[in-house]
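Colleague: I should like to learn how to read strands, ring pairs and contacts in a model of this kind. May we take them in turn?
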Amino acid sequence: MARRTEEEDVQIEELIDDGARDGSIGVVVDKEPECLAPPANFAMVDFGIYRSGLPEPANFSYLDSLGIRTIVYLCPEPYPEANAAFVQERGIRLCQFGIDGTKGPFANISKDTMMRALTVILDVRNHPVLIHCKRGKHRTGCVVGCFRKLQSWCLASVFDEYQRHAAAKTRVSDLRFIEAFDVSCMSHCFLGAIYRYHGFGSKARRLSYQPHSSS
């Protein structure tokens, strides 16, 4: 079989280039798969419930992959512009519960704010839901800790999870707040959202609404 000369090779390359420019020859370009990066301190809390620090624009594709429907934002500051544009474009519901990130000796969290945040998280119609503050440590840890108490976790396990995410930044005031939080108060929330478990796994979970009666 005769070998092509160097001149023939050059002519073939020119024909391919011309065809690519005028569209007569399709050129397939391999694209690198998109890298999905989760937000800092990200973790799955339960089926359809996630926690993290403040998502950066580089994390938006990852949130898209989760199909996030609701974001529970725990900081009092306005939502960052890029994040606000993202949730608006995606039709994500943003629920803000401004909790001060004080480092004082007592957790500056009102019971009413905690109950309202938990009511949003408990409602499966809001799932998948992402809970986050700035770094996903203290405020997020308190909310998740109270959620775990609703799941009847023992305090040792609740505190262990909090400390894993807070690392060296563990605050005793947060642990005291979680310990003192009375889960029975949730029965007095609007619509009485109760997160019930019958067995294990997502299919064993049921949300029931029991309007609170004053009688």
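Modeller: Let us begin with a single bridge: alanine 43 has arginine 51 in strand 2 as its bridge partner. Please bear in mind that the model is predicted.

Colleague: In what sense do strand 1 and strand 2 run, and how many bridges join them?

Modeller: Strand 1 (residues 43–46) and strand 2 run antiparallel and are joined by three bridges. They form a hairpin with two residues between them, and glycine 48 in the turn has a positive phi of about 85 degrees.

Colleague: How are the side chains of a regular strand arranged with respect to the two faces of the sheet?

Modeller: In a regular strand the side chains alternate between the two faces of the sheet. In strand 2 (residues 49–52), Ile49 and Arg51 lie on one side, Tyr50 and Ser52 on the other, and all are buried. Both faces of strand 2 are therefore covered, a residue being counted as buried under 20% relative accessible area.

Colleague: Which residue of strand 5 stands opposite tyrosine 50?

Modeller: Leucine 130 of strand 5 stands opposite tyrosine 50. Strand 2 and strand 5 run parallel, with four bridges joining them.

Colleague: Which strand 3 residues lie on each side, and are they buried or exposed?

Modeller: Strand 3 (residues 70–73) has Thr70 and Val72 on one side and Ile71 and Tyr73 on the other; all are buried, and both faces are covered. Strand 3 pairs with strand 5 (residues 129–132) in the parallel sense over four bridges, and valine 72 stands opposite isoleucine 131 there. Strand 3 also runs parallel to strand 4 (residues 93–96), again with four bridges; in that pairing valine 72 stands opposite cysteine 95.

Colleague: What kind of unit do strand 3, helix 3 and strand 4 make?

Modeller: Together with helix 3 (residues 81–90), strand 3 and strand 4 make a right-handed β-α-β unit.

Colleague: Let us turn to the aromatic rings. How many aromatic pairs are there?

Modeller: Ring centres must lie within 6.5 Å for a pair to be counted, and the count comes to five aromatic pairs. One of them joins phenylalanine 42 and tyrosine 50, whose ring centres are 5.7 Å apart.

Colleague: Why is the pair of phenylalanine 42 and tyrosine 50 called stacked?

Modeller: Planes under 30 degrees apart count as stacked; the planes of phenylalanine 42 and tyrosine 50 are at 20 degrees, so this pair is stacked. Phenylalanine 42 is partly exposed, at a relative accessible area of 22%, whereas tyrosine 50 is buried at 12%. Another stacked pair is formed by phenylalanine 60 and phenylalanine 86, with 4.3 Å centre to centre and 15 degrees between the planes. This pair links distant parts of the chain, since phenylalanine 60 belongs to helix 2 (residues 60–66) and phenylalanine 86 to helix 3, 26 residues apart. Phenylalanine 60 is buried at 11% relative accessible area, and phenylalanine 86 is buried at 4%.

Colleague: Which residues form one aromatic cluster with Phe42?

Modeller: Tyr50 and Tyr62 form one aromatic cluster with Phe42.

Colleague: As a last case, where does aspartate 182 lie?

Modeller: Aspartate 182 is in the loop between helix 7 (172–180) and strand 6 (193–197). Its relative accessibility is 42%, which counts as partly exposed. The side chain of aspartate 182 makes a polar contact with the side chain of serine 184, at 2.7 Å. Leucine 150 is 32 residues from aspartate 182 along the chain, and their C-alpha atoms are separated by 9.3 Å.

Methods: Residues numbered from 1 in each chain as written. Predicted model: local features only at pLDDT ≥ 70, side-chain atom pairs only at ≥ 80, totals over all residues. Heavy atoms only, no water. Buried < 20%, exposed > 50% of the residue type's maximum accessible area, 1.4 Å probe, protein only. Pairing = 2+ DSSP bridges. Right-handed = clockwise from strand over helix to strand, strands pointing away. Phe/Tyr/Trp six-rings, centres within 6.5 Å; stacked < 30°, edge-to-face > 60°. Polar contact = N/O pair within 3.5 Å; in protein donor to acceptor, adjacent residues only side chain to side chain.
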